[in-house]
Amino acid sequence: MGETDSERAGGSPQRLGFETLAIHAGQSPDEASGAVVTPITLSTTFAQSGVGNHKGFEYSRSGNPTRNALETCVAALEGASNGLAFASGLAAEDNILRLLSPGQRILLGNDAYGGTFRLISKIYGPMGYPWSPVDLTDADGLVAGWQPDTKLVWLETPTNPLLTCFDIEAICAVAHERGAIVVVDNTFATPYLQQPISLGADIVVHSATKYLGGHSDVVGGFVAVDDEELAQRLRFTQNAAGAIAAPFDCYMVLRGVKTLAVRMERHCQNARSIVDVLLSHPAVDRVLYPQLPDHPGHAAASKQMRDFGGMVSFTVKGGEQAALRVVAAAELFTLAESLGAVESLIEHPGQMTHASAAGSQLEVPDSLIRLSVGIEAAGDLCADIEQALDRA
Ligand SMILES: *Cc1c(COP(=O)(O)O)cnc(C)c1O
């Protein structure tokens, strides 16, 4: 079904440019009405002309035309043959972890999203799935942390909130040699900046709530996979466990994805302008952005990313109180959790997104501030950060 759609869009996914696929893959004008925009199909069931004789859809949990359009589109953007849309990023992650059987070990990159850490440590761990944190800074760390029962390596790059980047190709080589699969959370980079499947990853996962949706108005998750056997197992679980994305949510993410390339260009450009302000402000201690040559993720990011993303983190010299004054003083940057949308956000990870990590190996410095740089006018964003930093 997916192939037919992208062929109708004018060729195989490989031959069309990213921006073209974002707008056309899986999204040809509706055959019944000519509607140019993919309709939101709310129907839960689909007519059969005879028993088992249908147009590819039977029941909406198993398959839905709007979801199908989104799944085809984002799979094409990731360079994958299969895509699966879920109700949230964590629902997508849960669907992936169900590939494992009790006793099979998960190695979790040492700077993982808090919700991923919670899902693995609080739900899968107690059910009998061993797991251990692993330092993925270089392939040696993975070799050192390897245990014979390892079946899955989970990594995020860039990470949240320190924006560390790991070498996907090198990690996949080590894992594959030892018979494990590699999952890459591509939420921060998006397929526009980084395509893990082309670097050897087996499975790509997204919180579509972030850059894919891009407008802070829909919660969603996505899985892209190129291996047919893995795809079939994931699709079986998607239907059998049922954590599917609703048709309206699929429409919202599909609408967001159309502008992903132009949004990412501007996110990166604006992030660079903000980095310049931070580097020259006396209240700032350390700027964390993968483009900076002294950033620990610089080499990996330069190798595998088109550009360095819209997330910027930094520490202030005045410690936690100064950091809290800065986030309170920002005006255009809204004080809020989440990331990846058109509007700029500012947060204090230590007391907000990463509060539950206090005391664990995921703990972050209390002078740390994280920015999700939006696509507003760069001059306005820079002026806002500058005036907020003046109160540090
Ligand atoms: C937000 C996020 C998730 C979880 O996604 P939800 O849509 O909130 O369930 C997973 N990974 C990363 C990197 C995230 O930022």
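**Exercise 1. The ligand shell**

By class, how many nonpolar, polar and charged residues does the shell around the ligand have?

Before we start, a word on the ground rules. This is a predicted model, in which local features need pLDDT of at least 70, side-chain atom pairs count only at pLDDT 80 or more, and totals for chains, interfaces and linings use all residues. Residues are numbered from 1 along each chain as its sequence is written, and side-chain values use heavy atoms, with hydrogens and water left out.

Step 1. Collect the shell, taking a residue as near if one of its heavy atoms lies within 4 Å of the molecule. The ligand is surrounded by 13 residues, and the closest are Gly89, Asp185, Ser207, Thr209 and Lys210.

Step 2. Sort them. Ala, Val, Leu, Ile, Met, Phe, Trp, Tyr, Cys and Pro count as nonpolar, Asp, Glu, Lys and Arg as charged, and the others, Gly among them, as polar. The shell then has three nonpolar, six polar and four charged residues.

Step 3. Look at polar contacts (a pair of N or O atoms within 3.5 Å; within protein, one must be able to donate a hydrogen and the other to accept it, and residues adjacent in sequence count only if both atoms are side-chain atoms). Ser207 places a polar side-chain atom 2.8 Å from an oxygen atom of the ligand. For Thr209, the distance from a polar side-chain atom to a ligand oxygen atom is 2.7 Å, and for Lys210 it is 2.7 Å. Taken alone the ligand exposes 380 Å², of which the protein buries 92%; areas come from the Shrake-Rupley method with a 1.4 Å probe, and for residues only the protein chains shown count as cover.

Step 4. Find the main contributor. Helix 4 (residues 89-97) gives the most to the shell, with three residues. Helices (H or I, at least four residues) and strands (E, at least two) are DSSP runs, numbered from the N terminus.

**Exercise 2. Thr66 in its surroundings**

Is Thr66 buried or exposed? Work out its setting too.

Step 1. Place the residue: Thr66 lies in helix 3 (residues 65-77).

Step 2. Apply the cut-offs: buried means under 20% relative accessible area, exposed over 50%, and partly exposed in between (1.4 Å probe, protein chains only). Thr66 counts as buried because its relative accessibility is 0%.

Step 3. List contacts (heavy atoms within 4.5 Å). Not counting residues up to four places away in sequence, Thr66 touches Thr38, Pro39, Ile40, Thr41, Pro247, Cys250 and Tyr251.

Step 4. Check two distances. Thr66 and Thr38 are 28 residues apart in sequence and 6.7 Å apart in space, C-alpha to C-alpha. The side chain of Thr66 also reaches the backbone nitrogen of Thr41 at 2.8 Å.

**Exercise 3. Strand 9 and its sheet**

Which strands are at the edges of the sheet of five strands, and how is strand 9 covered?

Step 1. Recall the principle. Strands of a sheet pair through backbone hydrogen bonds, either parallel or antiparallel. Here two strands pair if DSSP finds at least two bridges between them.

Step 2. Read the order. The five strands form an open sheet in the order 8-9-12-11-10, with mixed pairing. Strand 8 (284-288) and strand 10 (334-335) are the edge strands, each pairing on one side only.

Step 3. Follow strand 9 to its partners. Strand 8 and strand 9 (residues 311-316) run antiparallel and are joined by four bridges; Val287 stands opposite Phe314, and Val284 opposite Val316. Strand 9 also pairs with strand 12 (residues 368-372) in the antiparallel sense, over five bridges, where Leu368 is the bridge partner of Thr315.

Step 4. Test the cover. Six of the six residues of strand 9 are buried, so the strand is largely enclosed by the rest of the structure. Met311, Ser313 and Thr315 point one way and Val312, Phe314 and Val316 the other, and all are buried.

**Exercise 4. Strand 1**

How many residues of strand 1 are buried?

Step 1. Count: five of the five residues of strand 1 (residues 82-86) are buried.

Step 2. Split by face. Asn82, Leu84 and Phe86 are on one side, with Gly83 and Ala85 on the other.

Step 3. Find the partner. Strand 1 runs antiparallel to strand 7 (residues 221-225), and five bridges join them. Leu84 has Val223 as its bridge partner in strand 7.
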